[in-house]
Amino acid sequence: MEKESELIRRCIEAACRSKESVEKWRRQRRTLERLPSHLSQALLRSLLRRRLIFPSLLEVFKHSAEEIDLRGENSVDAEWMAYLGAFRYLRSLNLADCYRINNSAIWSLVGMTSLKEVDLSRCMKVSDAGVRHIISISNLEKLWISETAVTANGVALLSSLKNLSVLDLGGLPVTDTALNSLQALTKLQYLDLWGSKISNKGALVLQSFPKLSFLNLAWTNVTIFLNLSSLECLNMSNCTIDSILECGGDEAPFLKLVFAGATFMNEAEAFLYIKTSSLSYLDVSKSSLNRFGFLADMKMLEHLDLNSSALGDESVEMIVCVGANLKNLNLSMTKVSSAGIGILAGHVPKLEFLSLSHTSIDDVALSYISLMPSLKVVDLSNTNIKGFIIHPGTESHMDSTLTALQNLNYLESLNLEHTQVRDPDLYPLSSCKELSHLSLRCASLTDATLHCLSSLPKLTTLQVRDAVLTTSGLDAFSPPTTLRLLDLMGCWLLTEDGISLFLKKHPEIEIRHEVIQNLSTEQQTISNCPSSSQQFPKISRWNRMQEKLPIPEFFVDQRLKYSREELLALQFSPLSIEYPRETGSVTPNLQSFQRD
Amino acid sequence: MKKEDTVKLISAEGMEFVIDKEAAMVSQTIRNMLTSPGGFAEAEHGEVTFPEISAVILEKICQYFYWSLQYSRGKETEFHIEPELTLELMMAANYLHT
């Protein structure tokens with residue numbers, strides 16, 4: 001999408017300032033009818049963001065909007081849908097994660113001939129009855145109904161949507177019989193069947209889709225590696241693969257293969273018969289593969305994920321064979337050591353992303369990494385890197401090893417969490433001019449860390465977790481002007497006052513720390529301006545994200561123990577710091593919510 | 001003010017606005033009209049007619065041109081837009097690429 005011009009952005013901002021400003025323009029019916037679709041969509045997005053939209057206001061967009069994205073909007077329900085049903089030019093409607101959407105809400109879409117794309121992913125109340133409404137949208141080309149309540153019977157009904165080219169049935173109990181009835185969909189190019197009940201018998205039916213180029217069979221019982229002539233992308237993650245089916249003819253070469261967590265029964269054969277010369281993306285992370293000779297032919301490979309595989313230094317030669325085009329290489333949790341990185345050095349001229357976390361590499365590897373000229377993102381977390389080398393014989397002389405990273409002219413992001421690097425060894429990083437993201441996490445880091453990083457000219461995100469930073473150290477820190485996020489989780493010496501003071505001095509910086517939760521509740525109770533209502537959805541989304549993170553065993557969410565009133569009373573007690581909480585983020589400046 | 005340094009912008013109703021060429025150039029569309037080598041009539045006479053833009057909106061647009069020039073020179077003031085003008089102004093801005 002083309003970037004909005006400055007004046008358009010200002011107009012939209014002015015139009016969405018408050019309920020009153022909306023009332024000023026919503027009756028300009030003639031003008032609204034003439035509004036170009038991209039402007040009307042931008043206006044609608046802004047109203048959604050500012051929580052100013054309500055169902056009957058939707059009507060003003062009915063002559064102009066062509067694409068509407070309501071993903072994850074909790075309020076979207078049947079009433080909204082009743083208005084959307086009248087949108088004459090609506091081509092694409094995204095309702096993913098709108099949990100109030102049910103079968104009767106979808107009834108509003110019946111017979112909308114303009115609609116080509118509908119996304120109902122994870123609308124859990126949508127079932128087979130909803131599918132009956134959907135099949136009346138005869139021109140539908142793209143449909144996403146993954147993780148809904150649709151059954152195999154509902155899936156079979158979709159066979160009447162002859163124009164479908166994209167169909168996402170992920171997580172639905174699709175059976176072989178149901179798939180059989182979909183054979184009428186000859187235009188199908190993209191089919192997602194992860195987690196379905198498809199067996200090998202059903203998989204053979206897939207041969208009858210002449211244009212199928214993307215297929216996802218992850219987490220199914222399919223054991224045949226289908227070498228379909230049209231297939232370009234195949235995902236068989238977490239499947240057990242025991243045979244390869246040759247479908248004959250002039251096979252189209254694969255571009256992308258994902259076998260994460262797959263088990264290969266006959267390893268030697270796995271890649272023997274397929275044309276991999278044009279493959280650009282290969283994910284065999286966590287798979288059962290032991291030998292990596294197959295890599296040698298994949299000359300076009302750009303993305304290679306070997307995370308948690310059995311790869312060791314002896315197989316690095318195979319990566320060297322395909323190193324010429326590699327951009328992204330994940331070797332985390334493998335048996336690769338510094339010696340292996342030495343073999344790789346000099347053979348990966350285009351490598352931009354490299355992950356070596358949870359490997360046994362040490363400081364020797366850093367000098368090899370510095371010979372990979374295009375590196376942008378490097379993950380060295382959970383390794384044996386110390387930041388210096390002691391030469392044998394000269395115990396007193398320590399050579400700083402991070403200086404090697406100064407050779408990487410494009411280095412933007414560096415992760416050194418859970419390494420043994422201490423403050424004095426970090427100094428070489430202050431001359432990495434392009435560095436914008438830096439992650440550190442170590443209990444021996446002190447205020448000097450902040451000091452030596454303050455001269456990085458492009459730093460936008462800095463994580464210094466679990467360190468012994470003090471309030472006076474934070475006070476003395478003059479952050480680079482580009483800094484936007486400072487993550488200080490687990491820096492237990494910092495006080496609420498110290499952080500508030502820093503936020504006051506640097507309103508443009510967002511801080512993450514355990515005590516921030518307190519500051520944010522304070523703000524919410526004090527402020528009555530409309531933007532405070534926006535904070536709730538943002539924070540709840542953040543919490544949802546956090547749920548996926550592993551939670552330490554001593555973790556007790558204090559919000560469960562106390563009522564809101566009790567918590568508010570507790571927030572000023574110094575004890576609250578003693579319970580480390582994984583959540584806690586707030587933008588210090590309410591204005592910035594309105595800006596984003 | 002010399003004539004070659006100004007342009008005349010004419011609204012739908014025929015209202016004429018004479019402004020600095022430099023200010024008018026804030027709009028990519030007007031810049032193209034005035035500078036393209038094809039010899040547009042606009043370039044020759046220094047006049048551009050906008051049959052779709054009303055005088056109220058064109059006036060606001062001209063104000064924006066000048067404000068934008070000042071803003072780019074580091075003068076940070078607010079450009080106020082009345083909510084009732086937002087839709088029309090947005091469409092004009094879209095047309096003028098400004």
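Q: Hi! In β24(A), which residue is the bridge partner of A:T461?
A: That's A:L485. Keep in mind as we go that this is a predicted model.

Q: Got it. How do β23(A) and β24(A) pair, parallel or antiparallel?
A: They pair in the parallel sense, over three bridges. Strand β24 of chain A covers residues 485-487.

Q: And what makes up the β-α-β unit with those two strands?
A: Between β23(A) and β24(A) in that unit you'll find helix α16 of chain A, residues 471-476. The unit is right-handed.

Q: What about β22 of chain A, how many bridges join it to β23?
A: Five bridges, and these two strands run parallel as well. To find them, look at residues 437-441 for β22 and 461-465 for β23, both in chain A.

Q: Which residue in β23(A) stands opposite A:R441?
A: A:R465 does.

Q: Through which helix does the chain cross from β22(A) to β23(A)?
A: Through α15 of chain A, residues 447-453. That β-α-β crossover is right-handed.

Q: New topic! How many residues does each chain bring to the contact?
A: Chain A brings 18 residues and chain B brings 15.

Q: Which elements of chain A give two or more residues to the side that touches chain B?
A: Those are α1 (6-15), α2 (19-25) and α3 (29-34) of chain A. The one that gives the most is α1(A), with seven residues.

Q: Last one: what classes of residue are on that side of chain A?
A: The side of chain A that touches chain B has 11 nonpolar, four polar and three charged residues.

Methods
Residues numbered from 1 in each chain as written. Chains lettered and ligands numbered in written order. Predicted model: local features only at pLDDT ≥ 70, side-chain atom pairs only at ≥ 80, totals over all residues. Pairing = 2+ DSSP bridges. Helix = DSSP H or I, 4+ residues; strand = E, 2+ residues; numbered from the N terminus. Right-handed = clockwise from strand over helix to strand, strands pointing away. Contact = placed C-beta atoms within 7 Å. Nonpolar A, V, L, I, M, F, W, Y, C, P; charged D, E, K, R; others polar.
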